[in-house]
Amino acid sequence: MKRTSRPRTHRDAVLIGAGIMSATLATFLSRVEPGWRIEILERLDRPAAESSNPWNNAGTGHSALCELNYTPRGDDGRISIDKAVQVNEQFQRSREFWAQLTREGELTPAGFIHPVPHMSFVHGELNTAFLEDRWGALHEHPLFQGMEYSDDRVQINDWAPLLMDGRRGTVPLAATRTPYGADVDFGALTRQLLHSAQCTGVTVSYAQEVTHLTRLDDGSWEVEALSKINGAHLRYTADFVFIGAGGGALPLLQASHIPEGAYYGGFPISGQFLRCTSPAVVARHDAKVYGLASVGAPPMSVPHLDTRIVEGTRSLLFGPYAGWSPRFLQHGSLFDLLGSIHPRNVRPMLTVARDHRDLVRYLVEQVAQTETARISALQQFVPTASADEWELITAGQRVQVIKQVPGQGGVLQFGTELVSSSDGSLAALLGASPGASTAVSIVLDLLARCFPDRQPGWSAELDQLVPTREVSLSDNPELAHRTLQGTAEALGLWI
Ligand SMILES: Cc1cc2nc3c(=O)[nH]c(=O)nc-3n(C[C@H](O)[C@H](O)[C@H](O)COP(=O)(O)OP(=O)(O)OC[C@H]3O[C@@H](n4cnc5c(N)ncnc54)[C@H](O)[C@@H]3O)c2cc1C
């Protein structure tokens, strides 16, 4: 095919990738700078087809109501709640943003968010003691009020009958339940945000894969994209570039050659879920139930049984089962991992390979798992589960961040990492947890970091969109209560 190259098109901002992160950033930018020409470039032919697709993630509105890895027990025996409080506050900011857009008629929450109680569920004496202590540390906190604890099988059966149907034995069990959790379809939310942004002039171009990023003499960027439709090379110039390419962000960060991105590497972990659509089974469960991770398992592999509501239909999801593939995107290339290894990140990557033998062993075991083993893991949650009612589906691809840390060589990190150039003209988002739930806090952080001089002019609009963006809700119980109540009313959630 003959390749054609076109003259450059200038944009104030180019956002790479049409997932939840770019959709959220585009919405903010179009509000604080209505005159800007903003372009989103997406390599696939539709939005939210990678991690933000509802079947590629678990749709948990991560607020640490049920995720036990956010409340470790310290060496002194006490439960640390700092991380849980931080994650919860980040989710409240997302709720505020979605609630404000809903009040303005830009979003329809029934299409993307639903009330689903969040539960934790554990077995054994040590774990039930941990859960009771965790509940003790959290339930009076303004953001966790309403959390209930029980080690009574009748009560747990009342909360989640599917967990108890057919359960035998006398091993101690315990659960906590918070009624006001949420299930979020981040794909539907992405589409709604993009639709609203397009109405204000943001352009979204599909089937354009960004291949090169070049710094120009005047400090702006040249963004080169390949049309997947006709092979044309398209060229844009932009004053600001956001690499919101999910798993594809690392290669593009490397292509930008900013010194801040030089020592990063990535380790891909794929996943699978079991999905049940049988109406009789689905009807017996209304909760997101998180357990404890097994030894060596990375934190995002904590098993959970989720009620999902996607396009108005309820189903159940269990997993994730970890897997391994060298691809950085579900629709990526087998050479993604190899291509990301450079002289500058090889040392941190080797250190991580040496220090994480438990993880490697865990992944090997997971990849080798048979269908019987997968169903047996599910039966820890749903004792009556039968293989013919659950189908295996492929989940999204995560690229865990490997970064160089002075004195430690390389560390493997399970959270997200925002990397930006010193002049704020380019930013990239690496990693995936807690992910989509915290998109609003990530974007607020990005705006503060990349556009410090514009903050005074933007603050009124930002305050309108996220009123508590600079306030600690934990330190203001009354404000926390009002915020939770206000966003619950706007979004149709429980309080
Ligand atoms: C198994 C799993 C479970 C998860 N569970 C949850 C959960 O319960 N709750 C939660 O909040 N988060 C969860 N997450 C995390 C969440 O899904 C992600 O953090 C979030 O979707 C990332 O959004 P994104 O926009 O950065 O990336 P994506 O949604 O992956 O979008 C990136 C886009 O960039 C495009 N792209 C890539 N390279 C290029 C290129 N070169 N040129 C143009 N376009 C490009 C891709 O095609 C894609 O459309 C989970 C993730 C996984 C994998």
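**View 1. Polar contacts of the ligand with S52, T60 and A436**. An oxygen atom of the ligand lies 2.6 Å from an N or O atom in the side chain of S52. In this predicted model, local features require pLDDT of at least 70 and side-chain atom pairs count only at pLDDT 80 or more, whereas totals for chains, interfaces and linings use all residues. Residues are numbered from 1 along each chain as its sequence is written, and side-chain values use heavy atoms, with hydrogens and water left out. A polar backbone atom of T60 is 2.9 Å from a nitrogen atom of the ligand, and a polar backbone atom of A436 is 3.3 Å from an oxygen atom of the ligand. Taken alone, the ligand exposes 1000 Å², of which the protein buries 96%; accessible areas come from the Shrake-Rupley method with a 1.4 Å probe.

**View 2. The shell of residues around the ligand**. The ligand is surrounded by 36 residues, where a residue belongs if one of its heavy atoms lies within 4 Å of the molecule. Those that come nearest are E42, S52, T60, V210 and S437. By class, the shell has 16 nonpolar, 15 polar and five charged residues; Ala, Val, Leu, Ile, Met, Phe, Trp, Tyr, Cys and Pro count as nonpolar, Asp, Glu, Lys and Arg as charged, and the others, Gly among them, as polar. The largest share, three residues, comes from strand β9. Helices (H or I, at least four residues) and strands (E, at least two) are DSSP runs numbered from the N terminus.

**View 3. The surroundings of Y236 in strand β11**. Y236 lies in β11, which spans residues 233-243. Y236 counts as buried because its relative accessibility is 6%, buried meaning under 20% relative accessible area (1.4 Å probe, protein chains only). The side chain of Y236 makes a polar contact with the side chain of Q208 at 2.8 Å; such a contact is a pair of N or O atoms within 3.5 Å and, within protein, one must be able to donate a hydrogen and the other to accept it, while residues adjacent in sequence count only if both atoms are side-chain atoms. Beyond its neighbours within four places in sequence, Y236 has contacts (heavy atoms within 4.5 Å) that include T9, R11, E39, L41, W221 and V223.

**View 4. Helix α7 and the residue that follows**. Helix α7 covers residues 249-256 and is largely enclosed by the rest of the structure, because six of its eight residues are buried. These buried residues are A249, L250, L252, L253, Q254 and S256. Just after α7, H257 takes a positive phi of about 60°.

Methods:
Buried means under 20% relative accessible area, exposed over 50%, partly exposed in between (1.4 Å probe, protein chains only).
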